[in-house]
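Let's take a walk through this structure together, one piece at a time. Have the sequence and the 3D view ready.

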Amino acid sequence: MIKDNVKALFAQLPAGVELVAAVKARDASEISEAAKAGVRIMGENYVQDLLRVYYSVKEPILWHFIGHLQTNKVRQIVDKIDMIETLDSMRLAKEIDKRCAAMGKVMPVLVEINIAEESAKTGVHFDDAADFVRSLKVYKNIRVEGLMTMGPRTASGEKMRPYFKKMKELFEKIKKQGLEGVDMKYLSMGMTSSYVAAVEEGANLVRIGTKIFGERNYD
Ligand SMILES: *Cc1c(COP(=O)(O)O)cnc(C)c1O
């Protein structure tokens, strides 16, 4: 049951670690159930899915966007989303900034890092991350609040640990630079198979789907 799964997770996560329920492929009633069990943040991957459930979930929750966001879809979601965890290009930053400026909003974002340098994957490459964050300074309607990673596609569980370590080092390095308009608060990493290792390595935002809602039929 969703309620029991959430309870078990809360019992396990240390204080200061926030749970994001990854809700792709779930319906509004499942999302409401998670909210009633105490989940404050829902993470959605797809714009169409968000629009499908957004108005049906009545509980007071926050929405994080955790999927690959196409520039031409930004307009449809900026008013509904409380954080975009997957900022991965200047082009996308520019569009988010423009749409948020138009509605007088400052969007909290995390920069998505392609930690394994996989060419087929989205995300800013590890070595470019600090420069990328610095160059976001021109966008006044975006506030960088940390980093996010999916980890390598081919690894899960314990095999993710070295990548999580690298992420934490990068997070601390950028934080130390004390950049203007940057408030390094969140390190988002860890999913059902890997959140234990992620938290041990310094994650304070974990995105969990399967362990809350059960197996799903698609990604
Ligand atoms: C699906 C998904 C998760 C959660 O994955 P589970 O293995 O079901 O816990 C986390 N983050 C992102 C970006 C996802 O797409």
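A word on names before we start: helices here are DSSP runs of H or I with at least four residues, and they are numbered from the N terminus. With that in hand, find helix α2, and then look just past it: α2 is followed by Gly38, which has a positive phi, near 115°. Keep in mind throughout that this is a predicted model.

Now stay with α2 itself, which covers residues 28-36. Which of its residues are buried? They are Ala28, Ile31, Ser32, Ala34 and Ala35. If you look down the axis of α2, these buried residues fall within an arc of 160°, so they line one face of the helix. There's a simple bit of background here: an α-helix has 3.6 residues a turn, so residues three or four places apart point the same way. Swing round to the other side of α2 and you'll meet Ser29 and Lys36, which are exposed. And what do the buried residues of α2 pack against? Their partners are α1 (2-12), β2 (41-44), α3 (47-53), β3 (62-65) and α9 (210-213).

Next, move along to α7, at residues 161-176. This helix has 16 residues, and from its first C-alpha to its last it reaches 23 Å, close to the 22 Å expected at 1.5 Å a residue. Its buried residues are Arg161, Phe164, Met167, Leu170, Phe171 and Ile174. Those buried residues of α7 pack against two helices and three strands, namely α6 (129-135), α8 (195-200), β5 (107-114), β7 (142-149) and β8 (182-188). After α7 comes Gly178, again a glycine with a positive phi, this one near 55°.

We just met β5, and it turns up again at a cavity. The count gives one cavity of 30 Å³ or more, and the largest cavity holds about 40 Å³ of space. Which element gives the most to its lining? That's β5, with three residues. Among the residues lining the largest cavity are Glu112, Ile113, Asn114, Lys121, Thr149 and Pro152. Sort the whole lining by type and you get five nonpolar, four polar and three charged residues.

One last stop: Lys98, which sits in helix α5 (residues 90-103). With a relative accessibility of 48%, Lys98 counts as partly exposed, because exposed means over 50% and buried means under 20%. Lys98 and Lys140 are 42 residues apart along the chain, and their C-alpha atoms are separated by 9.4 Å.

Definitions and conventions: Residues numbered from 1 in each chain as written. Predicted model: local features only at pLDDT ≥ 70, side-chain atom pairs only at ≥ 80, totals over all residues. Heavy atoms only, no water. Expected span 1.5 Å × (residues − 1). Buried < 20%, exposed > 50% of the residue type's maximum accessible area, 1.4 Å probe, protein only. Contact = heavy atoms within 4.5 Å. Arc of directions from axis to C-beta. 1 Å grid on protein atoms, 1.4 Å probe; cavity = no way out; pocket = protein on both sides within 12 Å on 5 of 7 lines; lining within 4 Å. Points joined across faces, edges and corners; volume = space filled by probe spheres on them. Nonpolar A, V, L, I, M, F, W, Y, C, P; charged D, E, K, R; others polar.
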